[in-house]
Amino acid sequence: MFDVHAHLTDEVIYGDLDKVIKEAQTAGVKRFLIPAYSKNFWLRAKDIAEKYPAVYFAVGVHPLFVAEGDDPELRETLVKHPKCLAIGEVGLDYVPDDSQKPLQTAWLEREAAFAAKHDKPLVIHCRKAYCDLLEPLKEFGVPFVLHSCSCSREQVKPFLDLGAHVSFSGTLTRANAKKVLDLARYVPRDRVMLETDSPYIGTAKVRPPFVRPAQVMEVAESYSQATGLTLKEVENFTDKNAARFFVI
Ligand SMILES: [Zn+2]
């Protein structure tokens, strides 16, 4: 299994990294992607990827971290690293409100242009902003994955038409997951990936900040139950999708 969204750079995990990675591998996780969301974490993400053969990384600036600024020189260097697979996580976040919309939109356009320039896919974070997300993605034509997506069929449709991949997280495992389970049944199998967003998104069994990449198995189980596919089938095609999407 490939956890395509794990924040191994965050202190609660980083402080215990050997153990976290070993436990995940014992549970069946074979690959990990760290989406480094602030320039302050880029070098740490690269160092982890260099230390652990199973770990890859992405560089980007999350919409809630744009105030920390950019480091154009460093990102130009890191994007050429053989284990840098994507630009992310980047996107739009209108929680609690959309007051940062102009700033976030301009930033997303720069990230998408950077991804296009380096021929890398985008890892997209989006909260309450799907209405403004489509246009910039259309304009730059870069492959993208909607991370921890939990929108409706109607909302996701134009993104799928644009070639979107969708990664499902712990939200799929929760007792009240009706909407996201419906989305899991709707998104074509060849566009699906799985993730934990560890340590941030809780599962039915584990609450944040205790979520770790090992919990991607719980996400896979819920996806398997929702779709009637076996766990083995789910593992096979989600791994294949991720390898194709990230070009490994
Ligand atoms: Zn994240």
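Colleague: Let me start with one residue: where in the chain is serine 148 found?

Modeller: Serine 148 is found in the loop between strand 6 and helix 7. Please keep in mind as we go that this is a predicted model.

Colleague: What is the sign of phi at serine 148?

Modeller: Phi of serine 148 is near 45 degrees, which is a positive value in a residue other than glycine. Aspartate 197 also has a positive phi, near 55 degrees, and again the residue is not glycine. You will find aspartate 197 in the loop between strand 8 and helix 9.

Colleague: Are these loop residues buried or exposed? I mean serine 148 and aspartate 197.

Modeller: Serine 148 has a relative accessible area of 14%, so it is buried, as the cut-off is under 20%. Aspartate 197 counts as buried too, at 8% relative accessibility.

Colleague: Now for cysteines. How many disulfides does a search of the whole structure find?

Modeller: First, the general idea: a disulfide is a covalent bond between the sulfur atoms of two cysteines. In this structure the search finds zero disulfides.

Colleague: Why is there no bond between cysteine 149 and cysteine 151?

Modeller: The sulfur of cysteine 149 has its closest cysteine sulfur in cysteine 151, at 3.3 Å, and that is too far for a bond. A disulfide would need the two sulfur atoms to be within 2.5 Å. Both residues are covered: cysteine 149 is buried at 0% relative accessible area, and cysteine 151 is buried at 2%.

Colleague: How do I read two helices that come together?

Modeller: Two packed helices are described by the angle between their axes and the distance between the axes. Take helix 6, residues 130-140, and helix 7, residues 153-161: their axes come within 10 Å and cross at roughly 5 degrees. Angles under 35 degrees count as roughly parallel, and helix 6 and helix 7 are therefore roughly parallel to each other.

Colleague: Which residues make the contact between helix 6 and helix 7?

Modeller: Helix 6 brings Tyr130, Leu133, Leu134 and Leu137, while helix 7 brings Gln155, Pro158 and Phe159. By kind, the residues of this contact are six nonpolar and one polar, with no charged residue.

Colleague: Let's turn to strands. How do strand 6 and strand 7 run?

Modeller: Strand 6, residues 144-146, and strand 7 run parallel and are joined by two bridges. Within that pairing, valine 145 stands opposite histidine 165 of strand 7. In space, the C-alpha atoms of histidine 165 and valine 145 are 4.4 Å apart, although 20 residues separate them in sequence.

Colleague: Which faces of strand 7 are covered?

Modeller: Both faces of strand 7, residues 165-168, are covered. His165 and Ser167 are on one side, Val166 and Phe168 are on the other, and all are buried. Histidine 165 itself has 9% relative accessibility. Leaving out residues up to four places away in sequence, histidine 165 touches several others, including Asp190, Arg191, Met193, Arg244 and Phe245.

Colleague: Which strands pair with strand 2? I would like to know about strand 1 and strand 3.

Modeller: Strand 1, residues 2-3, runs parallel to strand 2 and is joined to it by two bridges. Aspartate 3 stands opposite phenylalanine 32 in strand 2. Strand 2 also pairs with strand 3, residues 55-59, in the parallel sense over five bridges, and here alanine 36 stands opposite valine 59. Strand 2, residues 31-36, is mostly covered, with five of its six residues buried.

Colleague: What does isoleucine 21 touch?

Modeller: Isoleucine 21 touches Leu8, Phe32, Tyr52 and Val55, not counting residues up to four places away in sequence. Isoleucine 21 lies in helix 2, residues 17-27, and at 3% relative accessibility it counts as buried.

Colleague: One last feature: which peptide bonds are cis? I have valine 95 to proline 96 and proline 208 to proline 209 in mind.

Modeller: The bond from valine 95 to proline 96 is cis, with omega near 10 degrees, and the one from proline 208 to proline 209 is cis, with omega near 5 degrees. Proline 96 is in the loop between strand 4 and helix 5, whereas proline 209 lies in the loop between strand 8 and helix 9.

Terms used
Residues are numbered from 1 along each chain as its sequence is written. This is a predicted model: local features need pLDDT of at least 70, side-chain atom pairs count only at pLDDT 80 or more; totals for chains, interfaces and linings use all residues. Side-chain values use heavy atoms; hydrogens and water are left out. Buried means under 20% relative accessible area, exposed over 50%, partly exposed in between (1.4 Å probe, protein chains only). Axes are lines fitted to C-alpha atoms, for helices over the stretch in contact, and angles run from 0 to 180 degrees between N-to-C directions. Helices (H or I, at least four residues) and strands (E, at least two) are DSSP runs, numbered from the N terminus. Angles under 35 degrees count as roughly parallel, over 145 as roughly antiparallel, 65 to 115 as roughly perpendicular and the rest as oblique. Contact means heavy atoms within 4.5 Å. Ala, Val, Leu, Ile, Met, Phe, Trp, Tyr, Cys and Pro count as nonpolar, Asp, Glu, Lys and Arg as charged, and the others, Gly among them, as polar. Two strands pair if DSSP finds at least two bridges between them.
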